[in-house]
Amino acid sequence: MADYVAAKARIWSDQAPDQIAIGNAATFYQLRRDAVSARREAARLIALARAKGTPLWLTVGERIWGWALSVEGQPDAGLAMLRRVPKQFGGHRLRVPHDL
């Protein structure tokens, strides 16, 4: 078990710090209701998550991108993206009330 945890920690350390920073920045802008900045950071996070193959961070980026689209006057496109996000996790809903 210790070897498994150590291996996962190495993977996490290789992938996470930059994605955590960008994800936190995107969330910060979202909470400030700054859709333009949130969308910019979400785009960076989506690109990085795709390049590194990290579905969790891809989902975080897409969730914030969908919120930004909705706030910027494209509610149908934004809601479609927000509805797609839970399907990426096997139908489980992420509990993030500030997205709505």
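What percentage of the 100 residues in the protein chain do buried residues make up? They make up 37%. The model shown in these views is predicted.

**View 1. The whole chain is built from helices and has zero strands.** The protein chain holds four helices. From the N terminus on, its elements run α-α-α-α. Among contacts between residues at least 6 apart in sequence, 51% join residues at least 24 apart. The chain exposes about 6300 Å². Carbon and sulfur atoms supply 60% of that exposed area.

**View 2. Helix α2 carries a set of buried residues.** The helix covers residues 35-52. Its 18 residues should span 26 Å at 1.5 Å a residue. The end C-alpha atoms of α2 are 25 Å apart, which agrees. Buried in this helix are Ala35, Ser37, Ala38, Glu41, Ala42, Leu45, Ile46, Leu48 and Ala49. An α-helix has 3.6 residues a turn, so residues three or four places apart point the same way. After α2 comes Gly53. The phi of Gly53 is positive, near 70°.

**View 3. The largest nonpolar core has 16 residues.** Six members touch the most other members: Ala38, Leu45, Trp57, Val60, Ile64 and Trp67. Helices α1, α2 and α3 each supply at least two residues of this core. Which helix gives the most to this core? Helix α2 does, with seven residues. Ala38 and Leu45 are among the buried residues of α2. In soluble globular proteins, nonpolar side chains tend to be buried together.

**View 4. Lys52 and Asp18 meet in a salt bridge.** The structure holds five salt bridges. In this one the N to O distance is 3.0 Å. Lys52 lies in helix α2 and Asp18 in helix α1 (residues 2-31), so the pair ties together parts that are 34 residues apart in sequence. Lys52 is partly exposed, with a relative accessible area of 30%. Asp18 also counts as partly exposed, at 30% relative accessibility. Side chains of opposite charge can pair when their charged atoms come close.

**View 5. Glu72 forms a salt bridge with Arg39.** The closest N and O atoms of this pair are 2.8 Å apart. Glu72 sits in the loop between α3 (55-71) and α4 (75-87), and Arg39 sits in helix α2, so the pair ties together parts that are 33 residues apart in sequence. Is Glu72 buried or partly exposed? Glu72 counts as partly exposed, at 29% relative accessibility. Arg39 is partly exposed at 26%.

**View 6. Arg50 forms a salt bridge with Glu62.** Their closest N and O atoms are 3.6 Å apart. The pair links distant parts of the chain, with Arg50 in helix α2 and Glu62 in helix α3, twelve residues apart. Arg50 is exposed, with a relative accessible area of 56%. Glu62, by contrast, counts as buried, at 4% relative accessibility. Buried means under 20% relative accessible area, and exposed means over 50%, which is why these two residues fall into separate classes.

**View 7. Arg40, Glu41 and Arg44 are linked in a network of salt bridges.** Glu41 is one of the buried residues of α2.

Definitions and conventions
Residues are numbered from 1 along each chain as its sequence is written. This is a predicted model: local features need pLDDT of at least 70, side-chain atom pairs count only at pLDDT 80 or more; totals for chains, interfaces and linings use all residues. Side-chain values use heavy atoms; hydrogens and water are left out. A salt bridge is a side-chain nitrogen of Lys or Arg within 4 Å of a carboxyl oxygen of Asp or Glu. Buried means under 20% relative accessible area, exposed over 50%, partly exposed in between (1.4 Å probe, protein chains only). A nonpolar core is a set of buried Ala, Val, Leu, Ile, Met, Phe, Trp, Tyr and Cys residues joined through side-chain atoms within 4.5 Å. Contact means heavy atoms within 4.5 Å. Accessible areas come from the Shrake-Rupley method with a 1.4 Å probe; for residues, only the protein chains shown count as cover. The expected span of a helix is 1.5 Å times one less than its number of residues.
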